[in-house]
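Trainee: I would like a close look at one buried arginine and its surroundings, set against the rest of the protein. Could you take me through it slowly?

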Amino acid sequence: MDYISVLVWWLVILLFGLIGWPLAASLFPFLPDRGYTLARPVGLLLTGYILWLGASFRLLQNNPGGIIVALTVVAVTGLIWQRRQARPDDAPSLPAWLGQRWRYVLLVEALFAVTYLAWVYYKAHNPNIETAGGEKWMEIAFINGILRSQHFPPQDPWLSGFGISYYYFGYVLMAMVTQLTGIVSTEAFNLYIPTLLALTLTGAFGLMANLVNLYQNRLTAAIENLPAVATGLLAALFVGLLGNLIGVLEVLHKRGLLPPAFWIWLDIRDLKIPPAGPSASWIPDRFIWWWRGSRVLTDYNLAGHEQEVIDEFPFFSFLLGDVHPHVLALPFVLLVIALALHLLLRPVTPPEQPAAGGGIVDKIREILENSWRELLQASGGGFGFGLIAVAVGGLSFLNTWDFPIYLGVIGLALVVRYARSRPAWSDALLPALLGAAAIGLAGVLLYLPFYATFQSQARGILPNLWNPTRLPQFFVFFGPFLVAVTALLLALSARRGGWQKRLGWTLQLTVLGPLLLMLTALTGLLLSPAGRGYVEGLLSDPMVQQVIGSDTIGALLQASLARRLANPWTFLLLGGLLGWVLALAIGLAESAGQQHADGSRSRLVEQFVLILLVVGLALPLAVEFIYLRDNFGIRMNTIFKFYFQAWVLLALASAFAVYYVSVRARGAPRLLFQVVMALLVAGGLIYPVLATLNKANNFQDPATLNGIAWIAQNRPDDYAAIEWLRQNAPDNAIILEAPGSSYAAYQYTGRISALTGLPTLLGWGGHESQWRGNYDEPARREPEIDLLFNTLDPRQAQALLDKYHIKYVYVGALERERYSPQSLKKFANLMTVAFQQGDVIIYQR
């Protein structure tokens, strides 16, 4: 393993943190730790944004020089803003803060370093960038495509002549660090996940340590404040390291301790097959058993056939090692959550009273002006508003699903903030809506070059008619958090009054509202021609007709109702918890407004945690009734995206719940809660421990960070050719290789373009369809690629080489398996041999 690369990478990430901290401290002057734990994400995000924007308008080049310019802009801007911005009266300067809180700084740096090094060790024993069981092939293709692009949008290595049509900002950030370190991409790839895990854990730690400090009305992030530190570490554990309860079930299943009827009732794929009998071992050894942790939920179509459901959680993603957008966005999700918290902390002044008289236009203008004034005050001025918009808008470019979710968190934070200066919380709804809309609009405008080239497979909203989530499976996934949240709500309800009178209508909203939403989606579906075609396609299936007894919409709705009545418990649990949370939140908002504009910090913290719960519970509740229509046609991807973010939000709220209940409860209730939580957390840790050992093969293999060392061992000719192309091929040279299938991925196709960044005519066509929302261009190219390889007519081949501006033709073992030797010989007459080793020939024009 290359220890120098590990150290250099860590130092460069530290550099981004040092450059980003003045801006972080200016963004978070009212946080006890002055935003220290968020300095690295701030530095990475803003440097990457300036680089991307400059390269999109050809003002900068995507190279180390352009990156240094962007870093310099961030550093200078941060120092200037830090000097000019007024900080709270009792807040020390940054050097003074460091002198006072150096122990806290050391703790944060130790947490980052230990996490980073531990996961580097894991990745060194599990380094392969391969096609099986993940999408690393796609991700390294994006990284290499960006590294070979001087300007943006970057070239798509799997569709020559086209830019990447994906939310690729996270790959820009990782490629940016890769360029500064000089580490080859296939080695740097295995440092991305350790870095993201370390950023996630330190971000969660800092957010929760700040919350506890604020709850205690402390304005300093003191290492001596053990409750804050312990709760921060618990938040890091819950967000990034805890597993779901599938580990407990895997161990029990392996041991054969529970009756067959239990496993059949639980109905989790693989586990629903009862064990053959008692076993002497507790350790699961089924092939890639750890994969089942991300497939806890089981859906069925109307014909009774299983449908794939993805329910990843953060640790699974870090274990799998795919550098996918939902993982790349995690540190920046925590950054936006912290920004939402900070909106609550800035002092509030009452809004200006509307002037008497005037027309409707004057009234609207006055409302907008007052709303803008309040938003600037909440943001710390125009520059602060701009930075918040960059961070919130950046989520769309990082992982588009996150943008509306966390814009919602921001909007709810504004509601709570504005309610403090108004007689009724409902008076805060309009200005909060306008403020959130302004941030959202600015976030879109700041990333317009991305939207100009982005295509999506999303095609509207579908109602989830017949797949309610079974409560036992839901508890396996979210169990520890559900217990913690329930205990927190009980403790808050006992301490805060005034919520009971609102519970009736909030429960109606959260129980009947989702049903209304589903019916609205169904109505829209039936009214549109495409929707009617979708429903008619379902009803025309003979197997569906056999199940529902007819081919009518009425029979379909009747079957849907029967399924929902058979499994209503997850919906009722989520609807009940959400209604309870809303009643408490509204009660707290009203009492805060009646008492004082600023409110106590402890009350603000409680309100903020309730905001996390509102969104964290609404996400899994929503997917019980609606989902996004995409190429898959089922709710698989919506559950994946919504559950992942619900995990983050509920994990943070649950960490605070452990602290809050432990402080507020007394006697037997507190002891019972702590024992139950300890058992559930211990159960959640079984999966991370056993899965890590299993996936790393008990750390028995030689350690290396070279992600394609397996190709060097198993396909040495390909490996040598890849290295030659890396060193000799121009950045924009187009290479022809065997394409992937239109209906499948995870093959050893597209390997040369992916591992060199050189664009090919077509890589994984199925993924191109997902990214672009259609298969038009791949469908046009597939027959011409086959013709180019198969034709014996040199003039026909030459015309196609010219049409697609092909510089290299790659003939390796894969091409020889797929195409005839006679047809491949023609390239020797049309081109010169640039590289030859074993079965591999690279022809060049």
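Mentor: What follows begins with the whole chain, turns to the arginine at position 470, and then moves on to some other places in the chain.

The model is a predicted one, and its secondary structure comes to 37 helices and 8 strands. A compact globule of 845 residues would have a radius of gyration near 28 Å, and because the protein has 28 Å, it agrees with that expectation. Along the principal axes, the C-alpha atoms fill a box of roughly 85 × 70 × 70 Å. Of the 845 residues, 59% are buried, and among contacts with a separation of 6 or more, 78% are between residues 24 or more positions apart. The accessible surface is about 31,000 Å², and carbon and sulfur atoms hold 64% of that surface. As for charge, the mean positions of the 58 positive and 53 negative charges lie 7 Å apart.

Now to the part you asked about. Arg470 sits in the loop between β3 (461-463) and α20 (471-495). Its relative accessibility is 17%, and because buried means under 20%, Arg470 counts as buried. Leaving aside neighbours within four places in sequence, Arg470 is in contact with Trp265, Leu266, Asp267, Asn567 and Thr570. One of these partners, Asn567, is 97 residues away from Arg470 along the chain, yet the C-alpha atoms of the two are separated by 6.1 Å.

A second arginine makes a useful companion. Arg781 is placed in helix α33 (residues 776-790), whereas Arg470 is in a loop. With a relative accessible area of 5%, Arg781 is buried. Beyond its neighbours within four places in sequence, Arg781 is in contact with Leu159, Ser160, Phe162, Thr760, Leu761 and Tyr804. The C-alpha atoms of Arg781 and Gly765, which are 16 residues apart along the chain, are separated by 9.9 Å.

Burial can also be followed over a whole helix. In α17, 15 of the 18 residues are buried, so this helix is largely enclosed by the rest of the structure. At 1.5 Å a residue, the 18 residues of α17 (residues 402-419) should span 26 Å, and the end C-alpha atoms are indeed 26 Å apart, which agrees.

The backbone deserves a look as well. Most residues other than glycine have a negative phi, and most peptide bonds are trans. Against that background, Asp270 has a positive phi, near 75 degrees, although it is not glycine. Asp270 is found in the loop between α11 (260-266) and β1 (299-300), and at 29% relative accessibility it counts as partly exposed. Asn698 likewise has a positive phi in a residue other than glycine, near 55 degrees, and its place is in the loop between α28 (667-695) and α29 (709-714). Asn698 is partly exposed, with a relative accessible area of 45%. Finally, the peptide bond joining Phe152 and Pro153 is cis, with omega about 5 degrees, and Pro153 lies in the loop between α6 (136-147) and α7 (169-181).

Note on methods: Residues are numbered from 1 along each chain as its sequence is written. This is a predicted model: local features need pLDDT of at least 70, side-chain atom pairs count only at pLDDT 80 or more; totals for chains, interfaces and linings use all residues. Side-chain values use heavy atoms; hydrogens and water are left out. Helices (H or I, at least four residues) and strands (E, at least two) are DSSP runs, numbered from the N terminus. The radius of gyration is taken over C-alpha atoms; the globule rule is 2.2 Å times the number of residues to the power 0.38. Buried means under 20% relative accessible area, exposed over 50%, partly exposed in between (1.4 Å probe, protein chains only). Contact means heavy atoms within 4.5 Å. Accessible areas come from the Shrake-Rupley method with a 1.4 Å probe; for residues, only the protein chains shown count as cover. Lys and Arg count as positive and Asp and Glu as negative; His and the chain ends are not counted. The place of a charge is taken as NZ of Lys, CZ of Arg, CG of Asp or CD of Glu. The expected span of a helix is 1.5 Å times one less than its number of residues.
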